[in-house]
Structure formats: structure tokens, C-alpha cells
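Student: Could you walk me through one helix of this model and what surrounds it? I would like a close look at that single part.

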Amino acid sequence: MWSGPRNISTAMMRSFENRPDTVVVDEPLYAAYLARTGIDHPAREEVVASQPTDLAEAIAALSAPLPGAVRVHYAKHMTHHVSDDMDLGWTLAFRNVMLIRDPAEVVASYVRARETCEPEDIGLPQQEWLVRLWDEHGVPPPVIDAGEFLRAPEAHLRWLCDWLEIPFTDRMLSWPAGPRESDGVWAPHWYAAVWASTGFELWRPRAIELSDHDAAVADACRPAYEMLRARRVRIQ
């Protein structure tokens, strides 16, 4: 599952982790991204210490044998953790799904936690070229729009399970509140709402106020969002 930040990606990870046949991994490329870019993020040193900083090692772990009765390995990826100058051919071995959200909503949420925001920070440019890469190799991904998903979580999850050829279970619709051992070490900085949740939040319209700079960031990302949204999974 490939997403930008400030989306429902962690709730989606909770949904899959609540399946009895699934193991999840939280942003496995994060430490490699921080080591490669030198960018400063909350809990940077803890993140770098908690995961492989070698990208090849992190990627290899995604294909490791699954334990016991587990048959689904769910990876929550942030698209800003990769760049278009990287060899991303390894992604073709996986079933890739793209999770998008209106950029104005993403930026408004992002700047509540971070002082600055640029288009690359919210992952939409990366989502666009990842989809183009997969298109070129004949494996177009499903695109799920968070706003529409939250209006009909069960219907979207049933569709996704059918596409993945795994059985749907209503355990995907709710989960116990609180942290998980699978949460990244950055969770205390970002996951308060998810830790308090027991299911997907009902969709509601949000009042959004952005500075001129932040509005310009959202506007710069909108063409990519609209291109992806035109391809979204539509639930009848």
C-alpha cells in the first residue's frame, strides 16, 4: 500500500493487521530514506537505529518467508521514501495499491505537525510517476481515494480483497485501541489519532485554511491528484 503522509494509511495497516492470516510492516524504507537524504524528521536517530539503512537490505526483507499460518504480508509504504532516480523494478514483484487523498486536506494536516511543506513532502508527485512506471510494465495499480473509502469502508475492502484474491473478514472493520509492536518508533509523534481509534473514522467535510505558500503546494499537487483520482476504484 503506497500512500503519502497524513492519509488513512496507518488505519489501513490496522485493518489488515487485524486479519488472522496477515503480518504487517510499518514504513520499511523510512530509515534508508533518512540516511540517503539526510533530512531531519521527528525521532530521526531512533528511526535510523530501528531499521536497515541499506535499501537493498530493507527491500530483501519484504520477500522474507512468512511465519506459520500467515499468508499475507502487508507493507505500508510512504511514496516520499523513494525517488525517480532509484531502480524501482523490485516493486513489480508485489501487488501494489495506491492510496490518495485531496492535497489541500493533506497539506492542512501536515503543517499542523511540521513547520514546512513542499510538494515532495506529501508524496503526490511520487505517486504519479510510480503509477506511470507500473503502467509501463502492464501492472496498473488500483487507486483508492481516502475520502470515498471512508464513505464505504466495507465495500472498498471487499473489492480490494477480491482483487488480492484473499477472503474478506469483518475483522478488518474494527480493531482494539492502542499502540502495536509493529508500529514504527516514530509512532508517538504521529499516531495519536490511530492509537485512539477502534475503526475507520467516518468521513466528514473539513474546514481548511492554508497560508499562501501552503495553498500553492496543494495547487502544485492537484494535477497529479486529479489524474490519479480519475482512475480510482468506484464502488457502486
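Tutor: Happily; here is a tour of helix α1 and its neighbours. This is a predicted model, in which local features need pLDDT of at least 70, side-chain atom pairs count only at pLDDT 80 or more, and totals for chains, interfaces and linings use all residues. Residues are numbered from 1 along each chain as its sequence is written, and side-chain values use heavy atoms, leaving out hydrogens and water.

Let us start with the sheet. Its five strands form an open sheet in the order β2-β3-β1-β4-β5, with parallel pairing (two strands pair if DSSP finds at least two bridges between them; helices, H or I of at least four residues, and strands, E of at least two, are DSSP runs numbered from the N terminus). β2 (22–26) and β5 (143–145) are the edge strands, each pairing on one side only. Helix α1 (residues 9–17) packs on this sheet and touches β1 (2–3), β2, β3 and β4 (98–100) (contact means heavy atoms within 4.5 Å).

Eight of the nine residues of α1 are buried, so the helix is largely enclosed by the rest of the structure (buried means under 20% relative accessible area, with a 1.4 Å probe and protein chains only). Among them are Met12, Ser15 and Phe16, and these three meet Leu157, Leu160 and Leu164 in α8. The residues of this contact divide into five nonpolar, one polar and no charged (Ala, Val, Leu, Ile, Met, Phe, Trp, Tyr, Cys and Pro count as nonpolar, Asp, Glu, Lys and Arg as charged, and the others, Gly among them, as polar).

Technical notes: Axes are lines fitted to C-alpha atoms, for helices over the stretch in contact, and angles run from 0 to 180 degrees between N-to-C directions. Buried means under 20% relative accessible area, exposed over 50%, partly exposed in between (1.4 Å probe, protein chains only).
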